[in-house]
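Colleague: I should like to learn how to read the features of a protein model. Could we take them one at a time?

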Amino acid sequence: MIKMQLVAYSDDGFSNAVANGSYTVMINPESLKWDRSIQYNEQQAPDSGKASSKYKVTPAEKLSFDLVIDCTGVVDSSRVDLPTELNQLKKVVYDYNGDIHRPNFVTISWGKNTTFEGILDSINTTFNYFKPDGTPLRAKVSLSFSSYTDVATAAKEENKTSPDLTHLISVSAGDSLPGISQDIYSSPEYYVQLAKYNDLNKFRALAIGTAITVPPLVNEGNQ
C-alpha cells in the first residue's frame, strides 16, 4: 500500500526539498476533504440598471484530513516514540524555517498520481491513548492546508481582461464596441454605454488607432 507522504520545500516553486524534511504517515487517512470555491460580485455596467453576477476571484483550494499516529507497536514496531513522530511532522509542516523566514511550503502526495501543493493553515493534536503512567501512545492530528501558487505562475494565470479594472484599448482592424464589451464584460450588450462613456457618435465603424476607455463594472453593493 502506498502511504501518504508530506514533503517540505524551502521555495514557493516546490523545487528545493528541505533536508530531512519529509514525513510518511503510519496509517493513511480514512477520508480527505478537498474544497474548491468561486466568488462572484453583483455588478452592473456603466449607466446600466441591470445587474449580473460577475466573476471576482477563485480562492485558494483547501485540503483537510486527520492522521492517526499509533506508537503502541501494533501498527509499526519500529515506530514507537510518539514525541519523535509528532516533532518530525511538526518540523515538516509547522516549524519556522530560519532560512526562508517562514514555515515550509509542503506537498502532500497519496495514491498513484495525486499531489497537493500548499501551506499549513492549522494543526491540532488530540492524545487519546496512554500508558498507565500517563505517557501518550496514540494521537489524532487534524491538518488543514491551503493551496499555494508562486507569484510568477499566478501572474501568468491572471485574467488580464478583468472587469474590475479600467482598460485603455487602442482600436485595431476588426475591433468593435460589442466585441470589446464581450472581451471585458463577458457580454456584448454594453456597447451603447461604452459609446456614451467615450463620447462616440458613430461606433459601428471604429477608426483604427482610436483610444477606447473601458471603465470597471460597478459593484451594486457600493451604489
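**Reading the cores, strands and surface**

Modeller: Let us begin with the interior of this predicted model. The largest nonpolar core has 26 residues, and Leu6, Phe65, Ile69, Val93, Ile108 and Phe145 are those with the most contacts inside it. At least two residues of this core come from each of strand E1 (5-9), strand E2 (17-24), E6, H1, strand E9 (105-110), strand E10 (114-130) and strand E11 (136-147).

Colleague: Which element supplies the largest share of this core?

Modeller: H1 does, with five residues. A further core, of twelve residues, lies apart from it and includes Ile180, Ile184, Tyr190 and Ile212.

Colleague: Which residues does phenylalanine 65 touch, leaving out those up to four places away in sequence?

Modeller: Phenylalanine 65 touches Met4, Leu6, Pro29, Ser31, Leu32, Ile108, Val141, Ser142, Leu143 and Phe145. Of these, Leu6 stands opposite Ile108 in E9.

Colleague: How many bridges join E1 to E9, and in which sense do the two strands run?

Modeller: Five bridges join them, and the strands run antiparallel. E9 also pairs with E10 in the antiparallel sense, again over five bridges, and within that pairing serine 109 stands opposite threonine 115. Five of the six residues of E9 are buried, leaving the strand mostly covered.

Colleague: What lies between E9 and E10?

Modeller: The two strands form a hairpin with three residues between them. Glycine 111, in the turn, has a positive phi of about 65 degrees.

Colleague: How should one read the directions of side chains along a strand?

Modeller: In a regular strand, side chains alternate between the two faces of the sheet. Strand E13 (residues 211-214) is a case here: Ile212 and Val214 point to one face and are buried, whereas Ala211 and Thr213 point to the other and are not. E13 pairs with strand E12 (residues 167-170) in the antiparallel sense over four bridges, and leucine 168 stands opposite threonine 213.

Colleague: Turning to the surface, which residues form a nonpolar patch there?

Modeller: The patch is formed by Ile27, Val68, Val74 and Val75, which together have about 310 Å² of accessible area. Valine 75 is found in the loop between strand E6 (62-70) and helix H1 (82-93).

Colleague: Why is valine 75 classed as partly exposed?

Modeller: Valine 75 is partly exposed because its relative accessible area is 36%, and that class lies between the cut-offs of under 20% for buried and over 50% for exposed.

Key: Residues numbered from 1 in each chain as written. Predicted model: local features only at pLDDT ≥ 70, side-chain atom pairs only at ≥ 80, totals over all residues. Heavy atoms only, no water. Patch = residues over 30% accessible without salt bridge, like charges linked within 9 Å, V, L, I, M, F, W, Y side chains within 5 Å. Areas by Shrake-Rupley, 256 points an atom, 1.4 Å probe, with all protein chains shown as cover. Salt bridge = Lys/Arg side-chain N within 4 Å of Asp/Glu carboxyl O. Buried < 20%, exposed > 50% of the residue type's maximum accessible area, 1.4 Å probe, protein only. Core = buried A, V, L, I, M, F, W, Y, C linked by side-chain atoms within 4.5 Å. Contact = heavy atoms within 4.5 Å. Pairing = 2+ DSSP bridges.
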